[in-house]
Amino acid sequence: DPRAHILPRLISQLPASQRQVIQLLKYSGLSLEETAQVTHSTVGAIKLKAHRAYQTLRTLLLQKDSTQ
């Protein structure tokens, strides 16, 4: 995917807590439960942060695509 190199830059624009969740879930391969333990959060909070992060990334990616 030619957009793959853009993702790290977009992820860096996320709020710190959302960025941490994405990094732990996707790059470190932790489960929701493991991520919750590492961040001292609940699984529900991790799901919410991940959902919001994915929404933000989708919006940023669409904006990027529309300007090219």
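At roughly what angle do the axes of α2 and α4 cross? Here are some notes to help you find your way to that answer and around the rest of the model.

1. **What you are looking at.** Keep in mind that this is a predicted model. The protein has four helices and zero strands, so reading from the N terminus on gives a plain α-α-α-α order. Taken along the principal axes, the C-alpha atoms fill a box of roughly 40 × 20 × 15 Å.

2. **α2 against α4.** Back to the opening question: the two axes cross at roughly 100° and come within 9 Å. Angles from 65 to 115 degrees count as roughly perpendicular, and α2 and α4 are therefore roughly perpendicular to each other.

3. **Who touches whom there.** On the α2 side you'll find Ser17, Gln18, Val21, Ile22, Leu25 and Lys26. They meet Ile46, Lys49, Ala50, Arg52, Ala53, Tyr54 and Thr56 in α4. By class, this contact of α2 with α4 splits into seven nonpolar, three polar and three charged residues.

4. **α2 against α3.** Next, look at α3, which covers residues 32–39. Its axis and that of α2 come within 10 Å and cross at roughly 135°, which makes α2 oblique to α3. The crossing is right-handed.

5. **The residues in that contact.** From α2 come Gln20, Leu24 and Leu25, and from α3 come Leu32, Thr35, Val38 and Thr39. Four of the residues in this contact are nonpolar and three are polar, with no charged ones. Leu25 is worth clicking on: it takes part in the contact with α3 and also in the one with α4.

6. **The largest pocket.** How much space lies in the largest pocket? About 180 Å³. Its lining is made up of Leu7, Ile11, Ile22, Lys26, Tyr27, Tyr54, Leu57, Arg58 and Leu61. Seven of these are nonpolar, two are charged and none is polar.

7. **Which helices line the pocket.** α1 (7–11), α2 (16–27) and α4 (43–66) each supply at least two lining residues. The largest share, four residues, comes from α4.

8. **Where the pocket and the helix contact share residues.** Try highlighting Ile22, Lys26 and Tyr54 together. These three are among the residues lining the largest pocket, and they also appear in the contact between α2 and α4. Ile22 and Lys26 sit on the α2 side of that contact, with Tyr54 on the α4 side.

How values were computed
Residues numbered from 1 in each chain as written. Predicted model: local features only at pLDDT ≥ 70, side-chain atom pairs only at ≥ 80, totals over all residues. Heavy atoms only, no water. 1 Å grid on protein atoms, 1.4 Å probe; cavity = no way out; pocket = protein on both sides within 12 Å on 5 of 7 lines; lining within 4 Å. Points joined across faces, edges and corners; volume = space filled by probe spheres on them. Nonpolar A, V, L, I, M, F, W, Y, C, P; charged D, E, K, R; others polar. Axes fitted to C-alpha atoms, helices over the stretch in contact; angles between N-to-C directions. Parallel < 35°, antiparallel > 145°, perpendicular 65-115°, else oblique. Left-handed = near helix turned anticlockwise from the far one by under 90°. Contact = heavy atoms within 4.5 Å.
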